[in-house]
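Please open the model in your viewer and keep the sequence panel beside it. We will go from stop to stop, selecting a few residues each time.

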Amino acid sequence: MAACISSLGHDQCSSKIKFDKLFNLPRYKRYFDFSSHEIYNNLENHSYKKLKFSHDDEFINVEFSSNKLPCLKMVVGSLYLPKDNPNKPLGEDSHFIHELYQTIGVADGVGGWVKQGIDAGIYARELMKNSFIATYDESMKGHVNPKRVLEEAYKNTNSKGSSTACIITLNSEKNTIVAANVGDSGFFLIRKGKIIYKSPIQQRVFGCPYQLGNCNSDNPSVAQEMKLNVEKDDILMIGTDGMLDNIFESEIEEIVRRAIDQNLKAEELASQIGNFALYNSFDRFADTPFSRASEGRHKGGKIDDITVIVAYIQ
């Protein structure tokens with residue numbers, strides 16, 4: 001949750017694999033849907049696979065190794081830890097996971113609105129609800145474009161307040177992730193236990209992030225777009241500043257490496273990251289990213305809503 005309300009200023013796979021195209025085969029009576037958990041789980045149990053496709057009474061075998069599947073997918077888990085505030089039991093963060101269209105997003109309502117009697121969490125939740133709907137609409141045009149999702153969601157969000165936002169989609173045909181980010185939420189791309197990319201934050205001054213809203217705030221034109229190649233076994237971690245402000249990259253890497261060794265599920269890793277950030281947020285003497293960024297203005301952790309989404313690329 002950012003404390004500052006930013007004034008306007010613009011600083012600037014398809015769900016079913018078509019095997020006839022993929023393997024240059026004629027149209028077959030049956031094909032497998034690789035978005036199916038069952039198909040993936042069965043394939044992962046063997047080093048080499050053979051699938052049979054029927055055409056009339058004839059069968060053809062297609063063989064490929066398990067580490068070269070036709071496309072990648074995200075297996076996602078999340079954790080949300082709202083601040084303990086009886087007046088705002090839902091907190092000010094929100095997020096969505098669209099499993100079918102492989103798209104995830106987080107939003108963080110700007111806390112400064114409380115001085116005007118406005119709960120920015122309502123704006124964040126409406127923005128994410130509309131983003132979920134817009135993701136479906138985007139899929140009808142082909143691949144999901146996160147910035148267009150933000151534009152559509154922003155246009156249809158009418159609550160008062162403002163929010164940061166970060167939306168990411170997986171293009172399973174090109175093995176890339178595409179992201180659009182506004183403000184100080186963000187994500188890490190992790191490969192073999194090492195962070196290989198961290199999204200930059202957008203803020204005008206410390207504590208004043210770019211933000212979407214209807215009251216002299218930014219609009220989606222300021223969103224920073226990113227496109228990254230991903231590989232099997234990569235880990236994508238997206239979070240609000242409640243996570244990012246309370247845990248260092250080296251700490252994330254250590255927890256991730258342990259999770260890999262222990263074969264933790266995505267939601268279990270999200271829980272470990274979120275609870276580690278929560279613990280630091282209550283420590284008044286902890287060395288945290290937030291205390292360093294404040295340049296002496298703040299010591300210890302930052303108590304805030306914490307959202308973590310973990311996506312295993314499989």
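Start by selecting Asp233, which is exposed, with a relative accessible area of 52%. This is a predicted model, so please read every stop with that in mind. Now add Lys232 to the selection: the two residues form a salt bridge, with the closest N and O atoms 3.5 Å apart. Lys232 counts as partly exposed, at 36% relative accessibility.

Next, zoom out for the whole chain. The protein contains 8 helices and 15 strands. Of its 314 residues, 52% are buried. About 15400 Å² is exposed, and carbon and sulfur atoms supply 49% of that area.

**The open sheet**

Select strands β3, β15, β14, β8 and β9, in that order. They make up an open sheet of 5 strands with antiparallel pairing. Which strands stand at the edges? They are β3 (74-81) and β9 (194-198); each has a single partner strand, so one side of each is left without a neighbour in the sheet. On average, neighbouring strands here are turned by 20° against each other, direction ignored.

Keep β14 (residues 235-239) and β15 (residues 306-313) in view: these antiparallel strands are joined by 5 bridges. To see residues facing each other, pick Ile235, which stands opposite Tyr312 in β15.

**Two helices on the sheet**

Now show helix α6 (residues 249-261), which packs on the sheet and touches β8 (186-191), β9 and β14. The direction of α6 makes about 130° with that of β9. Then add helix α7 (residues 266-281): this helix lies across β3, β14 and β15 and runs at about 30° to β3.

**More salt bridges**

Back to charged side chains: the structure holds 17 salt bridges. Here are some to visit.

- Select Lys141 and Glu138, whose side chains meet in a salt bridge (3.2 Å, N to O). Is Glu138 buried or exposed? Glu138 is buried, with a relative accessible area of 3%, whereas Lys141 is exposed, at 62%.
- Select Arg125 and Asp119, a salt bridge in which the closest N and O atoms are 3.9 Å apart. Arg125 is partly exposed, with a relative accessible area of 26%.
- Finish with Asp241, Asp245, Lys302 and Asp304, which are linked in a network of salt bridges.

Definitions and conventions
Residues numbered from 1 in each chain as written. Predicted model: local features only at pLDDT ≥ 70, side-chain atom pairs only at ≥ 80, totals over all residues. Heavy atoms only, no water. Helix = DSSP H or I, 4+ residues; strand = E, 2+ residues; numbered from the N terminus. Buried < 20%, exposed > 50% of the residue type's maximum accessible area, 1.4 Å probe, protein only. Areas by Shrake-Rupley, 256 points an atom, 1.4 Å probe, with all protein chains shown as cover. Salt bridge = Lys/Arg side-chain N within 4 Å of Asp/Glu carboxyl O. Pairing = 2+ DSSP bridges. Axes fitted to C-alpha atoms, helices over the stretch in contact; angles between N-to-C directions. Contact = heavy atoms within 4.5 Å.
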